[in-house]
Amino acid sequence: MIEAPWDEDYSRGGTESIWGPPCCLYTEIINRLPRGARVLDAGCGDGRHSILFARLGFRVTAVDISRNAVNKLNLVARQQAIRLTTVLEDITSFRLNHHYDLILAHGLLHLLPAFEGRQLIDRFKRRTITGGYNVMVVITNLVALPLSARAHMKAPFNDGELRRYYKDWDLIVDEAYSSPAGRIPYPRHLNRVVARCTA
Ligand SMILES: C[S@@+](CC[C@H](N)C(=O)[O-])C[C@H]1O[C@@H](n2cnc3c(N)ncnc32)[C@H](O)[C@@H]1O
């Protein structure tokens, strides 16, 4: 497997997430979840969203393929006495044993081979309770990625593709936006969807 450039960053000191504070999308979703809701954070990284949800008493399972990321998340959770379940595993082979109130894959799906990423959306949908939510944030191919990025960004989505997978759910958020170079050293175009399972 090719290591992504951020993998090593997870092992550097500090308890702050290398991705910054939690994304504002989740503030509103928190209010929609029942007490004790089950949350799956797929490709959790060092856990900025997992920690947010677990701190509020939700039952969080956080999965990442990076040992450094999971080690850091475990350390931070221990230090802050936060209870959550971490899993060091490739999300494509992770068994979804529960039905979840919320499944998020924030910045993950474009890193997977095209078929696996799209198939995963289908599995997430089948493992979401009626009335539950999926939050998916992906990089699109609308802005060309540098060659150096293509080794780990295996399958950027077509602009507008993500929403099509949720056409049978309620779309609560359906947005396209640009992100300037920063932590990731090149500009990107992204799509994000918050969808609610209706049936
Ligand atoms: C861009 S980071 C986003 C991290 C986190 N979701 C966040 O928003 O802070 C993508 C994460 O997906 C993880 N990842 C990549 N491929 C994966 C796979 N096949 N299974 C599980 N995690 C994976 C990476 O290790 C990385 O931590």
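Tutor: Helices (H or I, at least four residues) and strands (E, at least two) are DSSP runs, numbered from the N terminus. The model is predicted: local features need pLDDT of at least 70, side-chain atom pairs count only at pLDDT 80 or more, and totals for chains, interfaces and linings use all residues. Residues are numbered from 1 along each chain as its sequence is written.

Student: Which residue just after α3 takes a positive phi of about 50 degrees?

Tutor: Helix α3 covers residues 67–79. The residue with this positive phi, just after α3, is Ala 81.

Student: How far does α3 reach from its first C-alpha to its last?

Tutor: The expected span of a helix is 1.5 Å times one less than its number of residues. For the 13 residues of α3 the reach is close to that expectation, and its value is 18 Å.

Student: Around the axis of α3, what arc do its buried residues cover?

Tutor: A residue is buried if 20 or more other C-beta atoms lie within 10 Å of its own, exposed if 12 or fewer, and partly exposed in between, with C-beta atoms placed from the backbone. In α3, Ala 69, Val 70, Lys 72, Leu 73 and Ala 77 are buried. They lie on the same side of α3, because the arc, taken from the directions from the helix axis to the C-beta atoms, is only 160 degrees.

Student: Which exposed residues does the face of α3 turned away from its buried side carry?

Tutor: An α-helix has 3.6 residues a turn, so residues three or four places apart point the same way. On the face of α3 turned away from the buried side, the exposed residues are Arg 67, Leu 75, Arg 78 and Gln 79.

Student: Which strands do the buried residues of α4 pack against?

Tutor: The buried residues of α4 are Gly 117, Leu 120, Ile 121 and Phe 124. They fall within an arc of 105 degrees, so they line one face of the helix. With contact meaning C-beta atoms, placed from the backbone, within 7 Å, they pack against β4 (100–106) and β5 (128–139).

Student: Which strand gives the most to the side of domain 1 that touches domain 2?

Tutor: The domain assignment, automatic or from a database, gives domain 1 (1–28 + 38–49 + 59–90) and domain 2 (99–199). The contact takes 13 residues from domain 1 and 16 residues from domain 2. With five residues, the strand that gives the most to the side of domain 1 is β1.

How values were computed. Two residues are in contact if their C-beta atoms, placed from the backbone, lie within 7 Å.
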